[in-house]
Structure formats: structure tokens, C-alpha cells
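Work through the exercises below with the structure at hand. Try each task before reading its solution.

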Number of protein chains: 2
Amino acid sequence: MNSIKMYNHILAQEIHQQPDVFRKLIEKETSNISKITSAIRGKFDYILIAARGSSDNAARYGQYLFGLHNRIPVALATPSLFTIYEKPLNLDRSLTIGISQSGQSPDIVEVIREARRQHRPTIAVTNQTNSPLAKAADHVIALHAGDELAVAATKTYTASLLIIALISSFLQENENLVRQISIVPEKIDEILNGFHNNYTHVERYRYMQHCAVVARGMNYSTAFETSLKIKELTHIIAEPYSSADFRHGPIAMVRSGFPVIVIAPKGQVTCDLSELCQQVVERNGELIVFSDQHQLIKMAHLAIPLPDGIPEWLSPIVAIVPGQIFAYYLTLVKNLDPDQPQGIHKITETY
Amino acid sequence: MNSIKMYNHILAQEIHQQPDVFRKLIEKETSNISKITSAIRGKFDYILIAARGSSDNAARYGQYLFGLHNRIPVALATPSLFTIYEKPLNLDRSLTIGISQSGQSPDIVEVIREARRQHRPTIAVTNQTNSPLAKAADHVIALHAGDELAVAATKTYTASLLIIALISSFLQENENLVRQISIVPEKIDEILNGFHNNYTHVERYRYMQHCAVVARGMNYSTAFETSLKIKELTHIIAEPYSSADFRHGPIAMVRSGFPVIVIAPKGQVTCDLSELCQQVVERNGELIVFSDQHQLIKMAHLAIPLPDGIPEWLSPIVAIVPGQIFAYYLTLVKNLDPDQPQGIHKITETY
């Protein structure tokens, strides 16, 4: 279906599978999510999300999207309070969502179990519908991503985002938003089809030792996940920031040649990120941009264009894909194994 | 009062002032905080904290302490929703706390104003009691830190933590906890008095380019703040993690010589952090430990001992001090100016 020239790695195949995963997910889970949201609507004042790793980055998307479209505050769980400290939170007026590809991590499962003990509504978002997480929750939403064999999560991350977009839109009973979601698979096809040439310059970063990854608002999640892919796959130290937090101190690190990746799909934060790009250029930093905005692209040493016409609220599902591909190509350039990065495992059980 | 041999920099003086700031703060604000907590007790189900930079790290302490002692969930605010996106959250059942040394940052002020528009209780924690933040809130708690002239925050960070400890203890109406807080100034005196020799080995890190800073639970905040001090003052890329998140991917970065700072005052997470230290050693990483625990200290290449006898819930106020001093000495070793780090300003106004 799409023709980007990737080598025969599992990671590359799984990046490719994303549009089809989304089509299947929308087909199979829409009516389930509609039912779940009807059952919980109006029964909570805030959402607690428990997740780790890439799933925690999906939770960050939820933090912004549930805020923007539903005006619902989101707290990210502190699982150690439930496990190591054995002092579970009082969850009155909460909805609790657990997100985990494997559904195995004991600390995430324990947060959901405790919410259920307190008779609060719970949702599990997982790729494994017979996992401990799925069994612990009132409601289960499946990722339908098929087996994810590469250690670095790609399709399960974006599928988690898509589910959050569906939950938020159905909570709003906004069919227009639900319809907009179906644009996502084709936009990712566009990235996978057209942009191979943009990655030949990834060689430039063969000896990069560290970088900052900056976004703002809706794409705060994308900064975290891009950074995590780079760290997991290439062992380069990549640190994620909101542009506001970056200005409150860490910008001091930016000196001649310091690489800053700015992720800026069109949206209300474009102006803020454009100013930040200007600051990076003034400090002689190395600017890398993933964007559809001409004024940002022209400032960059390397620009990966994003497709036009993505509503800002859905852009995190699309704007992570160049980061996945960038990290993948960087493993090849550095002679590393993209499928089995050294030193980490697919399922990490934390307490 | 204390005799650590620091040079005549403002930063060193402000690090020194911390015990006296705390004594003054406890004397001046205890009855105010007691009154505020009486006025708000039982009127909210969760807390929203709005803050940036070091104050946001103080908010992370609040997230764990309000959870551990009060069982209250804490959400960290997403200020851009209130400002750039102009879609303020529905704050039903919330208490909103804004933390800012200067009280100037427009995005933090806007979160407090919006909470007040929604007739929700609001508290400003600030060093400037005539600032926009103080004027916006129902209740004001002053840091009593005196002017903070060094660009990197030290005494205003720890004073913010102390205020959070007081709010939490008074909310619980637990006088025993309130009394325990008075141990903090003398424990910091112990650090400032006794441990000069531990820092001579900071020279070892003259050419360190990056590091990870790891803690868990209560001291998650300390990992973030230690990392921020190192970044602001020395331009070294220092990235903070909980030990659980670190195992979910970033541990892949740890190879021969990779520096990992582990902050581990005695507590319920000691065992978890001890295992992590073991993993770093097995990967031939460079282990730096700030701890009072013998089994961790003996594994480390550099160990900065913490004083005994600090209750875990108060340990973040004490355990940050070695990080402040470590970052300060590192500026000297690297011939940098600790008072005016390049590229950042004391007050950062973000929208």
C-alpha cells in the first residue's frame, strides 16, 4: 500500500502497519466505545490515568485532549503510592483509565484494582484482552494492533492515542469529531508513501550524542514519545520539553551545534514554537523541524514535512510517525539492531 | 553558623541561607496556613497545581505528599489550555494552588484567575506577596526567602516544599507531623557543616557531557530539581527519571561510563533503588549516589552522604541540598559563573 523504502526489519513493518491497525480499530471498537462513554458520562469530575513508558506518553495526549474538548482535568497516576507505599488515593469523583500494551505491569494493574474497590468507573486500554489489566477493569478497549514484536512500541502507541480521541469525542457526543478521526489513516499513508527522500540526511546525525525534543500543548506527548524512541533505539540522550518549560532554564544548554528537534504541526502553538526556533537559530543551535509550516521549515537544518490538513487535536497521532522513522533510520546509520535494542525488554514489570 | 567552605558567590550564600529561611517561614506562616486549611478542608476532591521550572518540581513533591498523607489526587496543570488554547478546564471539586517565586508568569496567574472565576478555592505560594499571582488568589502563603538574586532557584524551591509539607500536615490536623517539620533546618545545617570533603571529587565530572538522575516516589521531585540545577548551571544534559520509568526504555542508554545519579534517602523505595544501582553497576555505568544507605554508598564511584534520621516524607527538602552543592561546585570546576548562567533569566514570562 505504501512505498517508503524500508529494510526488512520488524520495526519498519510495524511502523507500516499503523494505517491498517487504525482502520481495523475504528471498525471494531467504535460501538464499544460509544457504549462505554454512555455508561460513564456525568459520573466523574476528573480522570486519573495510570501508564508507563510509551503508554504514559499516550496519557499526556489524554491530558490535553480531555482538557481541550471535554474540559476535564486529568491527573497522571503515581503508581508507587498504590504499590510500594500502599497508600492508595481516595478516588471519589474520578474515572480511572489504565493504558498498557501488554496489560502486565503490576503497578498499573493495582491502580485499576484499587479504583474498582472504591466502586469508581475503570477502563483498560490494552492490546491483550485477557491480560491482568483487562480482567481488573469494568470496561476494556482493545488496541487491535496484532502482535507487536519489535521492542520499541510504535503501532500500539498510536492506537492508544486513537482510542483516546474516540473516547473524548464520544464523551462529547460529537459525531463530527468522530468522523474527523477517519482522516488519520490516510494522512499516515501520505507520510509513509512520499517522504523517503527526507530521511537520507539522517546520516548527518551519525555522531549526535544528545538532543532536546520540544513541542507544546497537544503535541507535548509527541515530544515525549519521539524522545523515548530515540533513546530506546539509538542510546542517544534525547530530552523532551514543552517550549514553556524549556525557556524556564534548560535553554541554557543550547550552544553552537546543540541539536533541538521541534515538532510543530499547524495549530494554536505555532507562533510560540516559531519564536523558539528563532531562539535556537540565534544561539547557533542545530534546528531539526517536523512541521507543515513554511516559516519553521525554512529555518531548519533538517526539516521533515508533515502532511497538510490535519486538525490540531488529531495531529499527535500523525506527527509521531516522522519521529518513529527518524529513530529507525538512525539505528541503521549507527549500525544498531532496530528490533532488539540492547538493554531493554518488551515487557517491563514494575511495582 | 555553618562552615562549609564556599566561595563568595551569591548562589553559595543563598544555599547557606536555607536553614534560616525555614526557621523564619515556620515562625511567620504556621498560623496563616492553619487558618487557610481550616477554610478549605473538605471542600475539594482533588488538587490542581500550576507552576513552571523549579516550582513545577515542588508541585511534584505535592503530588506525592498529598497522596501519601492526605490520599488526595493531584493533577499538574496544563497552563496552555487556559492561555494559548483559551479552553479553561472545568474545575468542579478542585482546590487550585499556584506556585511561583516571582508571582509573575502570566500563564500561572491565568490558571488561578480562572479557578477563582469558577468560585473554586485558590492558594498562591510566592516570594512576592504583592505580585499578580498573590493578588489573583483567595489565600496567599509567603516563602519569606528574602530576595533571591542568583538565577538558579535554591532557597525558594526548598521553601516551597516546606510550605507544601505544612499545608499537607495541617489539612490532616496532625500536630505530630507539624512538629516533625522543625527537624528540617538542623538537618540541612548538618549537610552544610560537615560534608565539604565530599565535594573535592566533583572534579571527576569536569568533562561529563550528560547524565541521568534517578529517584522514586517522594523524591521524584528531587530527581527533577537536581537535574534542572545541573542543566541550568553547567549546561550538562541531565535527565530526570523515576526508577520505574527508567527501566521502561531509557536504561538502554546506560553503557560503560554512562553517569547515573541516584538519590536515595532511607525509605520505602530503598530496595527498588538498590536494585537499580546494581543494574547500573552491571552495565559498567558510573554510579553517583546521594544517600544515607550503606549498601548503596558502597556501590558508588562518588557518594554524598545524607544525614540520618530524616522521615521519608520530609527527605526531599533535605536531599536536594547535595544536588545544589554538586551543581555549584561543578560550575567552579568548569570555570562557569554560578550566579549568572549563560542564556537564562531569573523571571521567565510564558503564556
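Chain A has 15 helices and ten strands; helices (H or I, at least four residues) and strands (E, at least two) are DSSP runs, numbered from the N terminus. This is a predicted model, where local features need pLDDT of at least 70, side-chain atom pairs count only at pLDDT 80 or more, and totals for chains, interfaces and linings use all residues. Residues are numbered from 1 along each chain as its sequence is written, chains are lettered from A and ligands numbered from 1 in the order in which they are written, and side-chain values use heavy atoms, with hydrogens and water left out.

**Exercise 1. Overall form of chain A**

Task: compare the radius of gyration of chain A with that of a compact globule.

Solution.
1. The radius is taken over C-alpha atoms, and the globule rule is 2.2 Å times the number of residues to the power 0.38.
2. For 351 residues, the rule gives a value near 20 Å.
3. Chain A has 19 Å, which agrees.
4. Along the principal axes, the C-alpha atoms of chain A fill a box of roughly 55 × 45 × 45 Å.

**Exercise 2. Burial and contacts in chain A**

Task: find what share of chain A is buried.

Solution.
1. Apply the cut-offs: buried is under 20% relative accessible area, exposed is over 50%, and partly exposed is in between (1.4 Å probe, protein chains only).
2. Of the 351 residues in chain A, 69% are buried.
3. Turn to contacts, meaning heavy atoms within 4.5 Å.
4. Among contacts in chain A with a separation of 6 or more, 75% link residues 24 or more positions apart.

**Exercise 3. Two glutamates**

Task: is Glu114(A) buried or exposed? Then place Glu275(A) on the scale of burial.

Solution.
1. Glu114(A) sits in helix 5 (residues 106–117) of chain A.
2. Its relative accessibility is 9%, so Glu114(A) counts as buried.
3. Beyond neighbours within four places in sequence, Glu114(A) contacts Phe82(A) and Pro88(A).
4. Glu275(A) belongs to helix 12 (residues 270–282) of chain A.
5. Glu275(A) has a relative accessible area of 47%, so it is partly exposed.
6. Ser243(A) is 32 residues from Glu275(A) along the chain, and their C-alpha atoms are separated by 9.6 Å.

**Exercise 4. A strand of chain B**

Task: explain why strand 4 (residues 122–126) of chain B is largely enclosed.

Solution.
1. Five of its five residues are buried, so the rest of the structure largely encloses strand 4 of chain B.
2. Thr122(B), Ala124(B) and Thr126(B) point one way from this strand, while Ile123(B) and Val125(B) point the other way.
3. Strand 3 (residues 94–100) of chain B runs parallel to strand 4 of chain B, joined by five bridges; pairing needs at least two bridges found by DSSP.
4. One bridge partnership is Ile99(B) with Val125(B).
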